[in-house]
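Hello,

Here is the structure I said I would pass on. My notes on what I found in it follow below.

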There are 2 protein chains.
Amino acid sequence: MDLSQAYATYLPWVEAEMRELLASPEPALARHYGMMQYHMGWLNADLQPADAPAGKRLRPMLCLLTCAAAGGDPQQAVPAAAGLELLHNFSLIHDDIEDYSPRRRHRPTVWTLFGIPQALNAGDAMFSLAHLAFLRSVERGVPASTLLKVLRTFDETCVALTEGQFLDMTFEDRLDVSPADYFRMISRKTGALLAAAPYIGALIANVTSEVMDACRQFGAALGLAFQLQDDLLGIWGDEDLTGKSAAGDILSKKKTLPVIYALEHDQVGPELRRLYGGPPFTPADLPYILKLFEVASVRSLVEMQVRQATVRAHQALAAAKPYAVPELHALLGELLDSLVGRQA
Amino acid sequence: MDLSQAYATYLPWVEAEMRELLASPEPALARHYGMMQYHMGWLNADLQPADAPAGKRLRPMLCLLTCAAAGGDPQQAVPAAAGLELLHNFSLIHDDIEDYSPRRRHRPTVWTLFGIPQALNAGDAMFSLAHLAFLRSVERGVPASTLLKVLRTFDETCVALTEGQFLDMTFEDRLDVSPADYFRMISRKTGALLAAAPYIGALIANVTSEVMDACRQFGAALGLAFQLQDDLLGIWGDEDLTGKSAAGDILSKKKTLPVIYALEHDQVGPELRRLYGGPPFTPADLPYILKLFEVASVRSLVEMQVRQATVRAHQALAAAKPYAVPELHALLGELLDSLVGRQA
């Protein structure tokens, strides 16, 4: 099995599980469930069937592949994988409201189409359904005691997500965010869920706690590499590939790691702090700001951090290797490398 | 033990449990947890200790008293009781955003003080912490299999809440909401959680499924009586006692049951549909609208429904009586009667 075969095998299981969970139980509620189905890429803005971009489904893949690589039955982890993906998507629906983001995955965001009150409530529904997804693990033979451990990990992750989002929002009004602040924030906002996904896969595979911890470390390091890559794409990514505005993170004055490094740079920092503390940016400001970033060499600084996090993820993976199904274990390494090299 | 002694015994357990759950784990997150503590009435707007109105804590009381009356150990149900109350309060934080409500319990709402993005995220945190509350039941000796049943009931209730809120919001633009539509909405928005509270108490007490079902019926009927009383107070309640604007539900054109009956009344319905379909109401419009409600006798119609639901709740309680601790069982009846007669 290669990585594309793994995707082709596992993801339809997860999609089927999620479609069952998000099916409307009665006509009067069709629009409520329709908003969630729209966000998932299954319906268009008129709530008619569509096949829109649906995201990477990275978290369920990490969960299922880790479960299988650790010698477990990936079918047993399908409800958990669906729950992880639903949690991720719930958080996107709410983040888009909190950031007033008009577009996601080349389409209008849920709140743009249906208004803030309904979008907020649809997000709450998806959060609830993510929990119900996990409870379906019982029917797949996951023992009750294992499932309670899985749920504890999951709910602690949910809390961490909100803590990360809180910190991220407090950064908006600050010009003194340190790299340490940034790493504290991002370990919760992105890292926690990407660490939980392989950890939960390992929990369901019922391996030793050493292997479980290695899987969690793998996910945490992968999560950091993934997020830093995202930060690079938010400034230097190709608009046609990412589906977001070019240099969108500059225009929104987002405090991503390249920006934080540039703001504290000896030479260009004072000028950038003046600009970031001033009126909103327009596209005409971009060439000058990008030039200042270049002087501070922040792109290569963050690219180096991506490489370091990738190395740490491979090391964690190696720690789990003696206990793993070799062929599937190698796919986790491939999955990691594919994320680090991504353009969108 | 009388009802006030039951409150004085049980509620401090629940408050202590919730305070542990909502304690900030580190200074950088103090404001995130502070918003939740403000909503609970423990902090003032400057996030300094306060003793503000905190709500009735009805759901935890129903859960603990039912557990004890059914012969269980109410201490075992404390984490679940805390989780039910946190869920209720999470839903209030989000409802206040969705309804743009400026005040609750005589104070500014969370979004008014901290902005929509942070309030939305604080609500998500409380939703997550409600789930973590339930998981603490293990430490009180609740068996894993029982806890999974409790969690299923809880998460199905969370979904029902969002369905009820969805339906309620769709009523805003409609003048043709029927009493059947209303009862379908309210059974989810209010009834589901008030039915779940005693049912979960009975689950933890580990009684027969017949007794559990009677407890659920009791909560559902109590929930209806409670909500209809709320509808009456929203129009005819005393501003000083309720902490909400007098006739606030008229000014906001909310489709509560008295309004729905009045809108479909032969004589005054056409005039009311014209008014409800027209420009926003001002306080000067209130006397005329209240006069139309009087002609339609909608107040006594809803008061009759409150009495009928109260009778059904007492009947459900009677079905559980042979299996209950008599003294505590009587308190559930008293609790019901105290709600129906309430002025706030």
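**Helix 3 of chain A**

All 12 of the 12 residues of helix 3 of chain A are buried, so this helix is largely enclosed by the rest of the structure. Please keep in mind throughout that this is a predicted model.

Helix 3 of chain A covers residues 58–69 and has 12 residues. From first C-alpha to last it reaches 16 Å, close to the 16 Å expected at 1.5 Å a residue. Its buried residues include R59(A), P60(A), C63(A), T66(A) and C67(A). What do the buried residues of helix 3 of chain A pack against? The partners are helix 1 (3–21), helix 4 (78–98), helix 8 (179–205), helix 9 (209–236) and helix 16 (326–340) of chain A. Just after helix 3 of chain A comes G71(A), with a positive phi of about 90°.

**One residue of helix 3 in chain B**

In chain B, I looked at L65(B), which sits in helix 3 (residues 58–69). L65(B) has 28 C-beta neighbours inside 10 Å and therefore counts as buried; the cut-off for that is 20 or more. Setting aside neighbours within four places in sequence, L65(B) is in contact with A6(B), L328(B), L331(B), L332(B) and L335(B). The C-alpha atoms of L65(B) and L3(B) are 9.8 Å apart, although their positions lie 62 residues apart along the chain.

For contrast, take T9(B), which belongs to helix 1 (residues 3–21) of chain B. Is T9(B) buried or partly exposed? T9(B) has 14 C-beta neighbours inside 10 Å, so it counts as partly exposed. The C-alpha atoms of T9(B) and S252(B) are separated by 39 Å, and the two residues are 243 apart along the chain.

**Chain A as a whole**

Chain A has 16 helices and 2 strands. Along the principal axes, its C-alpha atoms fill a box of roughly 60 × 55 × 30 Å. The radius of gyration of chain A is 20 Å, which agrees with the value near 20 Å for a compact globule of 344 residues. Buried residues account for 50% of the 344 residues in chain A. Of the contacts in chain A between residues at least 6 apart in sequence, 71% join residues at least 24 apart.

**The contact between the chains**

How many residues does each chain give to the contact? Chain B gives 35 residues and chain A gives 35 residues. On the side of chain B that touches chain A, the elements that give two or more residues are helix 4 (78–98), helix 6 (116–135) and helix 7 (144–171) of chain B. Helix 7 of chain B supplies the largest share of that side, 16 residues. By type, the residues on the side of chain B that touches chain A are 20 nonpolar, 9 polar and 6 charged.

A turn of 180° and a shift of 0.0 Å along the axis lay chain B on chain A with an RMSD of 0.0 Å. The two copies are thus related as by a two-fold rotation axis. In chain B, the C-alpha nearest the axis belongs to A144(B) and is 2.9 Å from it. The same surface serves both copies, as 100% of the contact residues of chain B recur in chain A.

**Two backbone points to look at**

Most residues other than glycine have a negative phi. K253(A) is not a glycine, yet its phi is positive, near 55°. K253(A) lies in the loop between helix 11 (248–251) and helix 12 (257–263) of chain A. With 16 C-beta neighbours inside 10 Å, K253(A) counts as partly exposed.

Y100(B) also is not a glycine and has a positive phi, of about 50°. Y100(B) is in the loop between helix 4 and strand 1 (103–104) of chain B. With 13 C-beta neighbours inside 10 Å, Y100(B) counts as partly exposed.

**Confidence**

The average pLDDT of chain A is 95, and 99% of the residues score at least 70. The model scores ipTM 0.96 and pTM 0.96. Where pLDDT is low, the predicted coordinates should not be read in detail.

Regards

Conventions: Residues numbered from 1 in each chain as written. Chains lettered and ligands numbered in written order. Predicted model: local features only at pLDDT ≥ 70, side-chain atom pairs only at ≥ 80, totals over all residues. Contact = placed C-beta atoms within 7 Å. Helix = DSSP H or I, 4+ residues; strand = E, 2+ residues; numbered from the N terminus. Nonpolar A, V, L, I, M, F, W, Y, C, P; charged D, E, K, R; others polar. Least-squares fit on C-alpha atoms with pLDDT ≥ 70 in both. Rg over C-alpha atoms; globule rule 2.2 N^0.38 Å. pLDDT = per-residue confidence, 0-100. Expected span 1.5 Å × (residues − 1).
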